[in-house]
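Student: I have this one open on the screen and would like to go through it piece by piece. Can we start with a helix contact and work outwards?
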Amino acid sequence: PGAQGRGLGLVDLTGCAEQLAEVEHKITPHEKLSCLNEAHSLLQRCIADCARAASSGSPTGGGGSAIEITGDDVLSLFILLVYKSTWKQKLAHIAHVEMYLQGSDAQFEEAGYAVSALQAAL
């Protein structure tokens, strides 16, 4: 089944959107990157919680069946998250973070993934 059938249509994006909007109030690229990474991590936790709730309430009665969550599912919800966010001047902020990441080491691999997801969402 599609994402809706796996319960992902019930993911509450409000807290994630608020976290993402905080990027607007950050000054340094590192602060913006941390905020962006936290929003992406929070989204993944919300998706996992929602998927667990959906599998425990499954009509099969087993309640323990595994639900596969793909990167496409996360990206789709991240796009909705960016859309719901009140964050303004997204392109300027992401360009600022991107310039910072180009000169950094591989220590920001997970955060770099969040930035790539944001670029795909924009």
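Tutor: Start where Cys16, Ala17 and Leu20 of helix 1 meet Leu81, Val82 and Lys84 of helix 3. Keep in mind that this is a predicted model.

Student: What kinds of residues make up that contact of helix 1 with helix 3, nonpolar, polar or charged?
Tutor: Five are nonpolar and one is charged, with no polar residues in the contact.

Student: At what angle do helix 1 and helix 3 pack, and how far apart are their axes?
Tutor: The angle is about 65°, and the axes are 9 Å apart. Helix 1 covers residues 14-21 and helix 3 covers residues 71-84.

Student: Is the crossing of helix 1 and helix 3 left-handed or right-handed?
Tutor: Helix 1 crosses helix 3 in the right-handed sense.

Student: Stepping back, how many helices and strands does the chain have?
Tutor: Five helices and zero strands. The pattern along the sequence is therefore α-α-α-α-α, counting DSSP runs from the N terminus.

Student: And how much of the chain is buried?
Tutor: Of its 122 residues, 36% count as buried. Among contacts with a separation of 6 or more, 75% are between residues 24 or more positions apart.

Student: Which residues have the most contacts inside the largest nonpolar core?
Tutor: Leu20, Leu36, Leu43, Phe78, Leu81, Val115 and Leu118, in a core of 27 residues. Helix 1, helix 2, helix 3, helix 4 (90-102) and helix 5 (109-121) each give two or more residues to this core.

Student: Which element gives the largest share of this core?
Tutor: Helix 2, with seven residues.

Student: Take Phe78. What is Phe78 in contact with, leaving aside neighbours within four places in sequence?
Tutor: Leu36, His40, Leu43, Ala114, Ala117, Leu118 and Ala121.

Student: Now Leu13. Where is Leu13 placed?
Tutor: Leu13 sits in the segment before helix 1. Leu13 has a relative accessible area of 5%, so it counts as buried.

Student: What does Leu13 touch, not counting residues up to four places away?
Tutor: Leu13 touches Leu43, Leu77, Leu80, Leu81 and Lys84. As for Ala39, its C-alpha is 9.9 Å from that of Leu13, and the two residues are 26 residues apart in sequence.

Student: Ile47 next. Is Ile47 buried or exposed?
Tutor: Buried, because its relative accessible area is 2%. Ile47 belongs to helix 2, residues 29-56. The C-alpha atoms of Ile47 and Val11 are 6.1 Å apart, with their positions 36 residues apart along the chain.

Student: Changing topic: how many disulfides does the structure hold?
Tutor: Zero. For Cys50, the nearest cysteine sulfur is that of Cys46, 8.8 Å away. A disulfide needs the two sulfur atoms within 2.5 Å, so Cys50 is in none.

Student: Are Cys35 and Cys50 buried or exposed?
Tutor: Cys35 is buried at 4% relative accessible area. Cys50 has 13% relative accessibility and also counts as buried, because the cut-off is under 20%.

Student: Last one, His93. Where is His93, and what is His93 in contact with beyond its neighbours within four places in sequence?
Tutor: His93 is in helix 4. Its contacts are Val23, Glu24, Lys32, Trp87 and Lys88. The relative accessible area of His93 is 10%, so it is buried.

Conventions. Residues are numbered from 1 along each chain as its sequence is written. This is a predicted model: local features need pLDDT of at least 70, side-chain atom pairs count only at pLDDT 80 or more; totals for chains, interfaces and linings use all residues. Side-chain values use heavy atoms; hydrogens and water are left out. Axes are lines fitted to C-alpha atoms, for helices over the stretch in contact, and angles run from 0 to 180 degrees between N-to-C directions. A crossing is left-handed if the near helix is turned anticlockwise from the far one by less than a right angle, and right-handed if clockwise. Contact means heavy atoms within 4.5 Å. Ala, Val, Leu, Ile, Met, Phe, Trp, Tyr, Cys and Pro count as nonpolar, Asp, Glu, Lys and Arg as charged, and the others, Gly among them, as polar. Buried means under 20% relative accessible area, exposed over 50%, partly exposed in between (1.4 Å probe, protein chains only). A nonpolar core is a set of buried Ala, Val, Leu, Ile, Met, Phe, Trp, Tyr and Cys residues joined through side-chain atoms within 4.5 Å.
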